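Reader: I am new to this structure and would like to learn how to read it. Could you take me through some of its features, one at a time?

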Amino acid sequence: MVLNELGARINGALQALSRASVIDEKAVDALLREVCSALLESDVNVMLVQKMRQNVKKRVNMDELASSTNKRKVVQNAVFEELCGLVDPGVQPWKPQKGKQNVIMFVGLQGSGKTTSCTKLAVHYKRKGMKVGLVCADTFRAGAFDQLKQNASRAHVPFYGDYSETDPVQIAIEGVAQFKKSKFDLIIVDTSGRHKQEAELFAEMEQIAAAVKPNNTIFVMDGTIGQAADSQARAFKESVDIGSIIITKMDGHAKGGGAISAVAATGSPIEFIGTGEHVHDLDKFSARPFISKLLGMGDISGLVETVQDMHIEKNEDMMKNLAKGVFTLKDMRDQLQTIMNMGPLNKIMGMMPGMSPDMMKGFDADESTRRLRSYMCVFDSMTEAELNSDGKMFEEESRLRRVARGAGVRPVEIQALLYQHKQFGQIVKKMGGPKGMLSKMNPNAMQQMAKNPGAINPNMLKQMGGMGGMQKMIQQMGGMGGVQNMMQQMMGGGGGGAGGMGGLQDMMQQMMGGMGGMGGGMGRGRR
């Protein structure tokens, strides 16, 4: 992904600043020269780049900074804030409300990925418990209805279209009316792709908008469009009220700079980014987490939101085990299953702090998914007593061979799984038990988390010993370097490592009460 290359270049420039012996105007100019060069090569509009450079220079006035000030931090924060400003117009995107009838209309250029994005968005809100329907009002492109019909059928989303009707406005009216009659929460209308030179198609788009009166109009922007994004985005903005933007094809050689230009031209926020062909390859966009992830700083708030979307009822037995510092094979199995339901592993890995684009290059998501499925077969071959154990009973070779035969794997693969379980069992043991950090939380807080793992509890940080307690917790896990090492092991170990991530993910949910205050700063701007 070219965006990774952009992130690597900007990150490299920031690291060069950290290594500089003296932070002066010359060092800042060198940093900005590299950052601006990287942005221009990614097709960001030259006027936007020039404005960003000027804003950073205004924020960082070397003459006014006190000698005791950490100048590196000031410069790095200024660059980070201005990068966020490039992709954040400061406008909140419209959100559909469950229980009300919401209509969204998709518009965009031909071949930008509107129809695929319609299905992705439908699946996104379906996972949030909404009743979603799709309407195909694209009569211009041959096969448009067939494509939407196929995508919607695979995703188990109801759809409406008409092969005999040639008037897209009539199809849109009938489709929206039918879904409203059936009490659907969200109705998504797909329209024909059009170009700013095609006056007739633009008139058609305005007619559909007037007929169905959408609550939100989403402009789908091809991430590969480059410098032409500005003029095209302005043409659409002049015809319909664009509420938000979806950027597609960001998994290939898209430079992505055109997307930034589109934000400036329309004044509308980017709401989602398409990162692949699968229905789950639609990432929620928020400026600060996006820039943070781009620079290899992770996206904890995005990871926690992904976990919360699973609507998982916490296993009280597992919560009790964690409080005691116990992590059974059954706990690991449950967490592996959760990870598999969260989406592609490389997407989840990219949200972890310290996982830079360069580190992600060697991660084979397909191989890791295959190993995860293989490990699930191993768990299915175990007895209830074996699942509820710490794995020590598998020191008996006969037991190991029996499970290997049942799962169709080699004994050495089971031993690798047991090794990963042991590693993260040791972390849980440090966190739980009478002297662990979890012991500082009262039983009522533990029960509350068991019922609602996503709840924010302001008192949690205090119960865990304040900021000092949080730092001690990180030290117990081997420091941030230790966490990054475990993440690297996950990449090298494929599915086995992902099992460990299940344990980290579980502990992360428990810490959310205390991290709420900290996460507020990390996740500001999340829509």
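Author: Let us begin with a pair of helices, keeping in mind that this is a predicted model. The axes of helix α8 (residues 199-212) and helix α9 (residues 229-239) come within 10 Å of each other, and they cross at roughly 45°.

Reader: How is that angle to be read: what does it make α8 in relation to α9?

Author: An angle that is neither under 35 degrees, nor over 145, nor from 65 to 115 counts as oblique, and therefore α8 is oblique to α9. The crossing in which α8 passes α9 is right-handed.

Reader: Which residues of α8 and α9 make the contact?

Author: On the side of α8 they are Phe202, Met205 and Glu206, and on the side of α9 they are Ala235, Phe236 and Ser239. Sorted by class, the residues of this contact between α8 and α9 comprise four nonpolar, one polar and one charged.

Reader: I would like to try the same reading on another pair. At what angle do helix α2 and helix α3 pack?

Author: Helix α2 (residues 25-41) packs against helix α3 (residues 46-59) at an angle of about 160°, and their axes are 10 Å apart. Because angles over 145 degrees count as roughly antiparallel, α2 is described as roughly antiparallel to α3. Here too the handedness can be given, since α2 passes α3 in a right-handed crossing. The contact draws on Glu25, Asp29, Leu32, Arg33, Val35, Cys36, Leu39 and Leu40 of α2, together with Val46, Val49, Met52, Arg53, Val56 and Lys57 of α3. In the contact of α2 with α3 there are nine nonpolar and five charged residues, and no polar ones.

Reader: And how do the axes of helix α5 and α6 cross?

Author: The axes of helix α5 (residues 114-126) and α6 come within 9 Å, with a crossing angle of roughly 25°. Angles under 35 degrees count as roughly parallel, so α5 and α6 are roughly parallel to each other. In this pair α5 passes α6 in a right-handed crossing. The residues that touch are Thr115, Thr116, Thr119, Val123 and Lys126 from α5, and Ala144, Gln147, Leu148, Asn151, Ala152 and Ala155 from α6. By class, the contact of α5 with α6 holds five nonpolar, five polar and one charged residues.

Reader: Turning to a single helix, what span should α4 have, and how far apart are its end C-alpha atoms?

Author: The idea is to compare an expected length with the distance in the model. Helix α4 (residues 71-87) has 17 residues, which at 1.5 Å a residue should span 24 Å, and the end C-alpha atoms of α4 are 25 Å apart, in agreement with that expectation. Among the buried residues of α4 are Val75, Phe80, Glu82, Leu83 and Cys84.

Reader: What can a backbone angle such as phi tell me?

Author: Most residues other than glycine have a negative phi. In this chain, His156 has a positive phi, near 60°, and His156 sits in the loop between α6 (144-155) and β3 (159-160). Lys213, which is not a glycine either, has a positive phi of about 50°, and Lys213 is placed in the loop between α8 and β5 (216-222).

Reader: Are His156 and Lys213 buried or exposed?

Author: Exposed means over 50% relative accessible area, so His156, at 62%, counts as exposed, and Lys213, with a relative accessible area of 62%, is exposed as well.

Reader: Where is Glu277 found, and with which residues is Glu277 in contact, leaving aside its neighbours within four places in sequence?

Author: Glu277 lies in the loop between β7 (270-274) and β8 (282-284), and with 68% relative accessibility Glu277 counts as exposed. Leaving aside neighbours within four places in sequence, Glu277 is in contact with Thr116 and Lys120. Between the C-alpha atoms of Glu277 and Asp251 the distance is 9.2 Å, although 26 residues separate them in sequence.

Reader: To finish, how many helices and strands are there in the chain, and what share of its residues count as buried?

Author: The chain has 25 helices and eight strands, and 54% of its 527 residues count as buried. Among contacts between residues at least 6 apart in sequence, 76% join residues at least 24 apart.

Methods. Residues numbered from 1 in each chain as written. Predicted model: local features only at pLDDT ≥ 70, side-chain atom pairs only at ≥ 80, totals over all residues. Heavy atoms only, no water. Helix = DSSP H or I, 4+ residues; strand = E, 2+ residues; numbered from the N terminus. Expected span 1.5 Å × (residues − 1). Buried < 20%, exposed > 50% of the residue type's maximum accessible area, 1.4 Å probe, protein only. Axes fitted to C-alpha atoms, helices over the stretch in contact; angles between N-to-C directions. Left-handed = near helix turned anticlockwise from the far one by under 90°. Contact = heavy atoms within 4.5 Å. Nonpolar A, V, L, I, M, F, W, Y, C, P; charged D, E, K, R; others polar.
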